[in-house]
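Here are some notes from one colleague to another. I hope they help you find your way around the model.

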Amino acid sequence: MKILRYAAIGAALVGLLVPPVVAQAQLNPCPAGQPKIKFYTSWPLQGAMIPEGTGMKNGVAMAVEEAGQKVIGHCIEVINLDDASPQTGKWDGAVEAENANKAVADPDTMVYIGTYNSGAAKVSIPITNRAHLMQITPANTYPGLTKKIGAAPGEPEIYRPTGTVNYFRPFPADDIQGAVGARWAKKIGHKKVFILDDQELYGKGIADVFEQEAKKIGLQVVGHEGIDWKQPDQRPVLTKIKATGADLVYMGGVIETGVQPIVRQMKDLGMVMPKVRFMGPDGFYEDALFTGATCEAVEAVGFRMTFASLPFEQLTGAGGKAYKMYKEKFQIEPTSYALYAYDAARIAIEAVKRAGKKDREAIRAAALTIKNFDGINGKFSFDANGDSDSKVMSGYEAVGCSEGKPRFHFLTLLLGD
C-alpha cells in the first residue's frame, strides 16, 4: 500500500515529495504453441494505489520468475487487471466483477490472485467459486469472507454457492488484528476511545471488532461513527470527539477513504499528543498518509498502526530471502503487500504442483491440503476455511518527521505464532 515500505527501526523514506519510479517486473511471454497456465491478478492500479498495485505485481512476477516461469510442464502467464474505476481511482464492484468473469471465461486460467480490497473480494469470490477456480488474496483481511467470527448474517456461505472453499489468505484476518489493536491500546494506557470507520466492508469490519474487544477488556468506548469519506471537512465529527474527552481516536479504513483529512484536522483542532493519539489498522500503511495528512500532523497525533507481519528487515528464512531478492531485483523497498503477493503466487504454484494437472477443481482441492508452507513470516497451514493459522501481528509508530526522515518505526511484536 505504498511507494516504499515504511522501514522499521531507522530506514528513511527517500524522495517522499518526489516519489521514485517503481521498477516493473518483466515476464517473458509464453512461446506460441507451448502449453500454458494463466494466473490473473486484480487490484487497483490507479491514483494512490499505483505504488502498492505495482509492488504486488512485482511480488507475483518475482515468484513466477523464481519458479522458472514453469509448473507441471506448462509456461506460467500472468495477466494483471485493474479493478479501479477511472472516475474515482478506487476499487469498483462492477469492474471487479468484469475482471473475475474475464478470468473465469479464459480456459487457461487456473488461479485468480486478488483482491486488495475486502469489498472487492465480496464481489469476485462467488464468481470464482462457481467456476471452481482457486482465488488467493495478497491483502484481504475482513473476517466474514471466510469465517463466522466478525461476520455479517449469511457469511461466509454466501460467497460459496458451490458449497466448497476456493478462497485463501496467507495472513491473519481482522478478527485477530482488531482485537490485538484494542488490547494494545489498553496496554499503553488509553482509557477512553472514540471509534470511526469509513462505512466500507474492511473499515467497518475491523472497527466493529476493535469496539467489541475494547468493551470486553474494559476500555471505555465513548462513541462510534461512520464518516462520509468523500467530504473533505471532518471537523464536525472531530469537534464532537474532542468534547467527549477521548484520549484515543481509532479509525477503520484504507488510505483512500478519509484518514488524511481526519489526521490533518485533528492537528488543526489541537487534538494532539499527549492528550490524544490516533490508531488504525494496516489499511493506512502507505506513503500517501504522510503526504496527504502532512508529515507534521501524522507525528503530532502519535499515529500508531497494527500490521500482520514482522518488519521486513527482521524476516528470516523464506521471508528474509524474499526481502533481499526484492531489493536486489527492483532496487527499492518492498511495498506493504508486495511480499504477501509473492507468497500468494508461490502458494498458487504449489497448489498446481500438488494437483499435478491443469484442472481447476484439482488445483482448488489441492490448495486445501497445503500444510507447513514456508511463508514470509514462517511456516503456516491452511485450515478448512482457507485461512492461515499464522498469528503474527506487530505495532508501529510514525516518527522522524522533525528530522526530515518520515517512517514507520517498529515498536513491538503484539502477537506471534
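The points below go through the sheets, the helices packed on them, a disulfide and the empty spaces.

1. A word of care to begin with: this is a predicted model. Please read every value below in that light.

2. Let us start with the sheet of 6 strands. This sheet is open, has mixed pairing, and runs in the order 2-3-1-4-5-6. Strand 2 (70–71) and strand 6 (167–168) each have a single partner strand, so one side of each is left without a neighbour in the sheet. At the strand 6 end, strand 5 (residues 134–136) pairs with strand 6 in the parallel sense, over 2 bridges. If you would like a place to look, Ile136 has Phe168 of strand 6 as its bridge partner.

3. Two helices lie across this part of the model. Helix 1 (residues 50–66) crosses strand 1 (36–43), strand 3 (74–82) and strand 4 (109–114), and its direction is at about 160° to strand 1. Helix 2 (residues 93–105) also lies across strand 1, strand 3 and strand 4, here with an angle of about 155° to strand 4.

4. Strand 3 also takes part in a covalent link. The structure holds 2 disulfides, and one of them joins Cys30 to Cys75, with an S to S distance of 2.1 Å. This link is left-handed, with -85° about the S-S bond. Cys30 sits in the segment before strand 1 and Cys75 in strand 3, so distant parts of the chain, 45 residues apart, are linked by the pair.

5. Next comes the sheet of 7 strands. This one is open too, with mixed pairing and the order 8-7-9-10-11-14-15. Its edges are strand 8 (220–226) and strand 15 (407–415), each pairing on one side only. On average, and with direction ignored, neighbouring strands here are turned by 25° against each other.

6. Within that sheet, strand 7 (residues 192–197) and strand 9 (residues 248–252) are parallel partners joined over 5 bridges. Phe194 stands opposite Val249 of strand 9. Helix 5 packs on the sheet, where it touches strand 7, strand 8, strand 9 and strand 10 (277–280), and its direction makes about 160° with that of strand 7. Helix 6 (residues 235–244) packs on the sheet as well, touching strand 7, strand 8 and strand 9, at about 165° to strand 7.

7. Which helix gives the most to the lining of the largest pocket? That is helix 5 (residues 201–216), with 6 residues. The pocket has a volume of about 190 Å³. Its lining consists of 16 residues, and Tyr142, Ala152, Leu201, Gly205 and Asp208 lie nearest the centre. By class, the lining residues divide into 7 nonpolar, 4 polar and 5 charged.

8. Finally, the enclosed spaces. There are 4 cavities of 30 Å³ or more, and the largest cavity has a volume of about 150 Å³. It is lined by 17 residues, of which Tyr116, Asn117, Ser118, Tyr202 and Val254 are closest to the centre. Helix 3 (118–130) and helix 5 each supply at least two residues of this lining, and helix 5 gives the most, with 3 residues. The lining has 8 nonpolar, 6 polar and 3 charged residues. Helix 5 is therefore worth a second look, as the main helix contributor to the linings of both the largest pocket and the largest cavity.

Conventions. Residues numbered from 1 in each chain as written. Predicted model: local features only at pLDDT ≥ 70, side-chain atom pairs only at ≥ 80, totals over all residues. Heavy atoms only, no water. Pairing = 2+ DSSP bridges. Helix = DSSP H or I, 4+ residues; strand = E, 2+ residues; numbered from the N terminus. Contact = heavy atoms within 4.5 Å. Axes fitted to C-alpha atoms, helices over the stretch in contact; angles between N-to-C directions. 1 Å grid on protein atoms, 1.4 Å probe; cavity = no way out; pocket = protein on both sides within 12 Å on 5 of 7 lines; lining within 4 Å. Points joined across faces, edges and corners; volume = space filled by probe spheres on them. Nonpolar A, V, L, I, M, F, W, Y, C, P; charged D, E, K, R; others polar. Disulfide = S-S within 2.5 Å.
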